[in-house]
Amino acid sequence: MCCSAAVASTSTSPSRSFSSKGTLSFAGAAGEFISSGKHLNLSDPAGKISFTQQGPGDIQITFEHGDTEYDANFSTGSNQRFGAGTYAHAQRYGMDDSGQPGLEISGDGRSCNKISGSYQVAGVKYSADGTISTFAATFEQLCDDSKVPLRGSVSISSQ
């Protein structure tokens with residue numbers, strides 16, 4: 001009973017998945033957990049990119065390349081559409097407090113228990129049915145109590 005609210009979706013529309021093209025690029029200094037201090041650039045056609053949209057202000061993007069998989073997840077925290085601008089004081093995606101934006105970059109067996117950070121949506125377009133057709137953002141994520149940020153960018157467009 002403790003955690004049912006954390007998993008419940010606030011969306012009234014069903015989840016939809018799409019194939020897409022795009023790029024996920026990020027890096028962190030030595031000591032940053034998700035990147036292990038390395039730079040990573042995942043893009044098509046070398047890998048498979050897909051995204052799921054739970055609602056107008058929620059997007060889960062998956063980048064697969066061989067045995068490597070990374071996820072980039074974002075939410076407005078209010079079930080409102082994304083708009084160009086900064087989403088400050090983001091918390092761990094899926095565990096964010098009501099009204100707080102969500103953010104989570106994870107993969108290759110690495111994820112954070114607690115996330116803080118922000119992201120800036122540079123561009124987003126919706127199709128006539130309300131689904132996201134393009135999404136571009138930059139982000140800064142702090143994992144657990146680390147002071148070493150993960151910084152990067154993501155861009156996708158549906159095919």
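Contact here means heavy atoms within 4.5 Å of each other. With that in hand, a good place to enter this predicted model is P101, a residue of the loop between strand 6 (85-92) and strand 7. Once neighbours within four places in sequence are set aside, P101 is in contact with S75, T76, G77, Y87, A88, H89, A90, Q91, D96 and Y119. The relative accessibility of P101 is 7%, so the residue counts as buried. The C-alpha atom of P101 is separated by 9.3 Å from that of G57, a residue 44 places away along the chain.

Before going further, a word on confidence is useful. The protein chain has a mean pLDDT of 87, and 87% of its residues reach 70 or more. Residues 1-14 have a pLDDT below 50, and this stretch has nine contacts in the model beyond near neighbours in sequence.

Two of the residues that P101 touches, Y87 and Y119, lead on to the aromatic residues. Seven aromatic pairs are found in a search of the whole structure. One of them joins F74 and Y119 edge-to-face, with 5.0 Å from centre to centre and 70° between the planes. This pair links distant parts of the chain, as F74 belongs to strand 5 (residues 68-75) and Y119 to strand 8, 45 residues apart. F74 has a relative accessible area of 0% and is buried; Y119, at 1% relative accessibility, counts as buried too.

F74 also pairs with F135. Here the ring centres are 5.4 Å apart and the planes stand at 50°, so this pair is tilted. Because F74 lies in strand 5 and F135 in strand 9, the pair ties together parts that are 61 residues apart in sequence. Like F74, F135 is buried. Which residues make up the aromatic cluster? F74, F82, Y87, Y119, F135 and F139 form it together, and Y87 and Y119 are thus among its members as well as among the contacts of P101.

Aromatic rings also meet charged side chains in this model. The charged end of R81 sits over the ring of Y126, at 4.1 Å from the ring centre. In another such arrangement, R110 lies over the face of F33, 4.8 Å from the centre of the ring.

Strand 9, where F135 lies, also holds one end of a covalent link. In general, a disulfide is a covalent bond between the sulfur atoms of two cysteines. One disulfide turns up in a search of the whole structure, formed by C112 and C143 with their sulfur atoms 2.1 Å apart. The link of C112 and C143 is left-handed, with -120° about the S-S bond. C112 is placed in the loop between strand 7 (102-107) and strand 8 (115-126), and C143 in strand 9 (residues 132-143), so the disulfide ties together parts that are 31 residues apart in sequence. Are these cysteines buried or exposed? Both C112 and C143 are buried.

Beyond strand 9, attention turns to D144, in the loop between strand 9 and strand 10 (150-158). Its phi is near 50°, a positive value in a residue other than glycine. D144 has a relative accessible area of 32% and is partly exposed. A positive phi, near 55°, is found for D108 as well, again in a residue other than glycine. D108 lies in the loop between strand 7 and strand 8, and is partly exposed with a relative accessible area of 47%.

D108 in turn leads to T68, a residue of strand 5. The C-alpha atoms of T68 and D108 are separated by 5.6 Å, although the two residues are 40 residues apart along the chain. Not counting residues up to four places away in sequence, T68 touches F63 and D108. At a relative accessible area of 24%, T68 is partly exposed.

A second threonine, T62, has its place in strand 4 (residues 58-65). T62 has a relative accessible area of 17%; the cut-off for buried is under 20%, so T62 is buried. What does the side chain of T62 make a polar contact with? The partner is the side chain of D71, at 2.9 Å. D71 also appears among the contacts of T62 when neighbours within four places in sequence are left aside, together with K48, I49, S50, E69 and Y70.

Note on methods
Residues are numbered from 1 along each chain as its sequence is written. This is a predicted model: local features need pLDDT of at least 70, side-chain atom pairs count only at pLDDT 80 or more; totals for chains, interfaces and linings use all residues. Side-chain values use heavy atoms; hydrogens and water are left out. A disulfide is a pair of cysteine sulfur atoms within 2.5 Å. Helices (H or I, at least four residues) and strands (E, at least two) are DSSP runs, numbered from the N terminus. Buried means under 20% relative accessible area, exposed over 50%, partly exposed in between (1.4 Å probe, protein chains only). A polar contact is a pair of N or O atoms within 3.5 Å; within protein, one must be able to donate a hydrogen and the other to accept it, and residues adjacent in sequence count only if both atoms are side-chain atoms. pLDDT is the predictor's confidence in each residue, from 0 to 100. Rings of Phe, Tyr and Trp (its six-membered ring) pair if their centres lie within 6.5 Å; planes under 30 degrees apart count as stacked, over 60 as edge-to-face and the rest as tilted. A charge sits over a ring if NZ of Lys or CZ of Arg is within 6 Å of the ring centre and within 35 degrees of the ring normal.
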